[in-house]
Amino acid sequence: MKKIPEVTLLFWIMKICATTLGETGGDLLAQTLKVGYAVSSLLFIGFFLVALAGQLAARRYVPWLYWAVILATSTAGTTMSDYMDRTLGLGYATGSAILITILVVVLGTWRLSEKSLSVSDISSRRGELFYWTAILFSNTLGTALGDFLADDSGLGFGGGALLIGGALALVVLAHYFTRLSPVLLFWVAFVLTRPFGATFGDLLTKPVAQNGLGFGTQGSSLILLGLLVGLVVYTTLRPQPALPVSAEEPG
């Protein structure tokens, strides 16, 4: 079931772009357009379910479909986290703790059920569902962690982005220079790219008076959407490696 892209540098660039867009897009609907966190979450969860249905029905990797689901988990994760932390008043630390627990349970259940958390070993519909459930909660967790670093920790948007960026750099070094499990490092990096996107998204959208760059949710979302669409078009049109010909097939 080759329905997931290869984990290359381009994959991580697109992941960060999609998760940052999820932050700015979620804030655009919930805050700028004043739809609210609850209604925005319902709308984005609906978008996620529709995109996921298409992804599950596909028989191969379709770039625009796969990244639509990633974007849906990011936007839904943004508003779901904000609803928990702000509307329900749980706070960033408590919200993060709850989401970490849920993610650990999902990954643990997946490991017990499928015997592996490697994304290259997914070969069943159940494995796919575990994969996307883990992504949804990891992206929701990332929003809470990003907000905690930016607001409660005192690091601010730039400081939070630098801290998470440094942690991601350590994961890259561990991948090349240690014998730590590549599967473990993948999921650590996958979780960390979301708070990086959250803090970087806030850095882009917040006004200069709040130590942001002042692009706003609309401008930032348009820039990130254009970048993500361009990368998706590139991955769709670039030449794919030829598949080996079976010995039984003529020619």
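Student: Why does Trp-187 count as buried?

Tutor: Its relative accessibility is 7%, and buried means under 20% relative accessible area, exposed over 50% and partly exposed in between, with a 1.4 Å probe and protein chains only. Trp-187 therefore counts as buried.

Student: How do you know which values may be relied on in this model?

Tutor: The model is predicted, so local features need pLDDT of at least 70 and side-chain atom pairs count only at pLDDT 80 or more, while totals for chains, interfaces and linings use all residues. Residues are numbered from 1 along each chain as its sequence is written, and side-chain values use heavy atoms, with hydrogens and water left out.

Student: What makes Trp-110 and Trp-187 an edge-to-face pair?

Tutor: The structure holds 16 aromatic pairs. In this one, the ring centres are 5.6 Å apart and the planes stand at 80°. Rings of Phe, Tyr and Trp (its six-membered ring) pair if their centres lie within 6.5 Å; planes under 30 degrees apart count as stacked, over 60 as edge-to-face and the rest as tilted. Both criteria are met, so the pair is edge-to-face. Trp-110 belongs to helix H4 and Trp-187 to helix H7, 77 residues apart, and the pair thus links distant parts of the chain; helices are DSSP runs of H or I with at least four residues (strands are runs of E with at least two), numbered from the N terminus.

Student: What is the relative accessible area of Trp-110, and what does Trp-110 touch beyond its sequence neighbours?

Tutor: The area is 1%, so Trp-110 is buried. Leaving aside neighbours within four places in sequence, the residues in contact with Trp-110 (heavy atoms within 4.5 Å) include Lys-115, Ile-122, Phe-130, Tyr-131 and Trp-187. Trp-110, Tyr-131 and Trp-187 also touch the most other members of the largest nonpolar core, which has 58 residues. Such a core is a set of buried Ala, Val, Leu, Ile, Met, Phe, Trp, Tyr and Cys residues joined through side-chain atoms within 4.5 Å.

Student: Why is the pair Glu-128 and Lys-3 called a salt bridge?

Tutor: Their closest N and O atoms are 2.9 Å apart. The term requires a side-chain nitrogen of Lys or Arg within 4 Å of a carboxyl oxygen of Asp or Glu, so this pair qualifies. Glu-128 lies in helix H5 (residues 125–152) and Lys-3 in the segment before helix H1 (9–32), so the bridge ties together parts that are 125 residues apart in sequence. Glu-128, at 4%, is buried, and Lys-3, at 3%, counts as buried too.

Student: What separates Asp-82 from Arg-86?

Tutor: Both are in helix H3 (residues 63–87), four residues apart, which means about one helical turn. Their closest N and O atoms are 3.8 Å apart, and they form a salt bridge. Asp-82 is buried at 1%, whereas Arg-86, at 34%, is partly exposed.

Student: How do you know that the length of H5 agrees with its number of residues?

Tutor: The expected span is 1.5 Å times one less than the number of residues. For the 28 residues of H5 this gives 40 Å, and the end C-alpha atoms are 40 Å apart, so the two agree.

Student: Why is Lys-15 said to sit over the ring of Phe-190?

Tutor: The charged end of Lys-15 is 4.2 Å from the ring centre. A charge sits over a ring if NZ of Lys or CZ of Arg is within 6 Å of the centre and within 35 degrees of the ring normal. The distance therefore satisfies the first of these conditions.
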